[in-house]
Amino acid sequence: MISINYLKNTKAQYCLLLIISFLLYYKTIYFGFNLDDDIILNTIANKTPTLQDVWSLFNLSYNKTDYRPVVLLSYGIEQYIFGEINPSVSHAINVFLFYVICSIALSLFKFIFDNKHTTLYFFAVLLFCVHPLNTEVVCSLKCRDNLLSMLFGMLAFYCFIQFIELQNRKTINLFLFFLFTIIAILSKMDALGFLILCVAYVLFFKKEKKLIYTILSFLIILLLISIASLIKDNALSHLSATDNLIGKVTFTENPLAVSFTLQNRVIALVNTVYYYFTKMIPVTSYKYYYGYNYFAVLSVNTFSFYGGLIIVLSFIIALIAGIKKQDKHLIISLSAIFILSFYALNFYTAVAGIIADRYIFIANLFFCLLLTYSLYLILVFINKEKYLNLILLSIIIPFSLLSILRIPAWKNLKTLIDTDAPGLYNSYEAMRIAAGAYGKEYDKEKDEELRKAYLEKSIYYAEKGVRVYPKNHLLYLFLGQYYFQNKQTDQAIRCFKTAVKNNSSKIDSYVFLGDSYYSLKKMDSAIFYYKSGLRLQNNSQLLINNISTIYYEMNDKENCLTFNTDLISKDSTIFAAQENLGYYYLNERDTLTAKEYFRKAVKFGLNENSVPIKIK
């Protein structure tokens, strides 16, 4: 048994954090790729054969929703060294980064606070280390952005405090603060919370020259944000308007997105606080996605709203009490929890998924500090302080067990979905993700029995999803394709028609309806839906070729000729119609006319990458 006196030894504390981090997460080195890891793989695939190409990753956007070049750079270096992104190596790096975060957190707490409670700080960090909420961030390769933003954000905060507290080493600390902040922001924007925390620290604890340091802090923050923005704008200047960052939350990701009023934002904030509190305690399970209909984010007459209201008021009262008593532990832990999670509370913006475990990864560290310190205050008040370490261990052990049980779910995408999806039937987006994931597995798999099993799972989850949100377009489109692949054409047609009903402005639904009727040899219906889609996109090569093919197969040469010539008379640059006429006259043995139409088709854009036509 490790004695408490041994835990007071600084080296022992860091060694134990290393051992526990490794024991908890070492199995991840045998894990594969998982949910959203393709964001990394697709972005940097075959882009890092040389060191120069590694640095060119700074010119890439992150999934067209953000700019996180430091994350891409870390994987680019991996690919350069190992020749590929090896999931075992990547997982090992994630575990190491997590250990470094825990170690820096312990050093930070010891520097900020007094030396009287060093064991308490160790237990706070240890609780964070084993907390099941963190399993997503450590196990998911995509979530390295969270690890890097927290690591460098915390280092920047550490250097800032040293800059204003220490009498010497001012210049180096200020330089490192600038450097680490830029790296943190370019890893993920949630690191901005540490900058706000710097200002809060000055306002609460800097007694001498408070006004000067406050103004200086604001100026530094503005400068750093400007530098990060300048780097982003310069790096992405080569992108076209359509390629620029276009992240936008949809209704199915968060209903608040379509009704972002002040009243709804306040309601959403209160509910979100409650949801996150249940994750940090923890009393609710962890899932890969939540989203529409899983959480009632805009509800008022619910337990979550009243519970959230009590939590918010309790935190405010505790913070006021901490300020009055100048209790540094309460002030920093409470303000940090709020500041570092504010962007995810659905007040500043409607966040994708309503909540996500990774969104409060950073704030969770300070929640663990608040929890351990609150227990300490309670035990001191009832004169039972000697039981503190025992109580903390009694919390750490079940938290560790929850993490051990949760980690295997992240082995790969299938294990994650099979673990979580049965508890997510009320989430439209979670079902869409599950259906899409098994749809991709179906496309990749060669074994016919497995393909059939994957297709059936795609259908199963898609059916669950459309029941949650019947007015959707996308999942009905997916479900129709799955039915079509499963030779259930009538069900496919029903789904495609529902997709058209829910959103008549999308061309894909008409294409698939035409394909379905074509497979049933109902040519008139196929032409009808193909032409309906063509009205939305009058130069669609696929639709023009399909319509021409059907006319020719029906031996309706007159309509085939008229259809294409009418298109050209309206717009001579429609190369698909020129190409079709080329094949038409070639089949009619009029070679000279065919060559002329082929020449025009090439002139107006026909190339080897164009969609092949069916008329041969």
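What follows is a walk through the structure shown above, from its overall build to a few local details.

This is a predicted model, in which local features need pLDDT of at least 70 and side-chain atom pairs count only at pLDDT 80 or more, while totals for chains, interfaces and linings use all residues. Residues are numbered from 1 along each chain as its sequence is written, and side-chain values use heavy atoms, with hydrogens and water left out.

Let us begin with the whole protein. Its secondary structure comes to 28 helices and zero strands; helices (H or I, at least four residues) and strands (E, at least two) are DSSP runs, numbered from the N terminus. Taken along the principal axes, the C-alpha atoms fill a box of roughly 100 × 50 × 50 Å. Of the 616 residues, 53% count as buried; here buried means under 20% relative accessible area, exposed over 50%, and partly exposed in between, with a 1.4 Å probe and protein chains only. The protein exposes about 28800 Å², and carbon and sulfur atoms supply 61% of that area. Accessible areas come from the Shrake-Rupley method with a 1.4 Å probe, and for residues only the protein chains shown count as cover. Contacts, meaning heavy atoms within 4.5 Å, are informative too: among those between residues at least 6 apart in sequence, 70% join residues at least 24 apart.

Now come towards the N terminus, to helix α2 (residues 10-25), where you will find serine 21. Serine 21 counts as buried because its relative accessibility is 1%. Leaving aside its neighbours within four places in sequence, serine 21 is in contact with Val95, Phe98, Tyr99 and Cys129.

Helix α6 is our next stop. Its 26 residues (87-112) should span 38 Å at 1.5 Å a residue, and its end C-alpha atoms are 37 Å apart, so the two values agree. The expected span is 1.5 Å times one less than the number of residues. At the start of α6, a side-chain oxygen of asparagine 86 reaches to within 2.9 Å of the backbone nitrogen of serine 88. Helix α6 also holds phenylalanine 96, which counts as exposed because its relative accessibility is 52%. From phenylalanine 96 to glycine 439 there are 343 residues in sequence and 34 Å in space, C-alpha to C-alpha.

Further along, a cis peptide bond joins isoleucine 281 and proline 282, with omega about -10°. Proline 282 sits in the loop between α13 (262-280) and α14. Following the chain into helix α14 (residues 303-325) brings you to leucine 313. Leucine 313 is partly exposed, because its relative accessible area is 47%. Together with Tyr306, Leu309, Ile316, Ile317 and Ile320, Leu313 makes a nonpolar surface patch of about 560 Å². Patches are made of residues with over 30% relative accessible area and no salt bridge; like charges are joined within 9 Å, and nonpolar side chains (Val, Leu, Ile, Met, Phe, Trp, Tyr) within 5 Å. A salt bridge is a side-chain nitrogen of Lys or Arg within 4 Å of a carboxyl oxygen of Asp or Glu.

Finally, turn to two loop residues. Lysine 487, in the loop between α21 (474-485) and α22 (489-502), has phi near 60°, a positive value in a residue other than glycine. Lysine 487 is exposed, because its relative accessible area is 72%. Asparagine 555 lies in the loop between α25 (541-553) and α26 (557-570), and its phi is near 60°, again a positive value in a residue other than glycine. Asparagine 555 is exposed, because its relative accessible area is 56%.

Notes
Polar contact = N/O pair within 3.5 Å; in protein donor to acceptor, adjacent residues only side chain to side chain.
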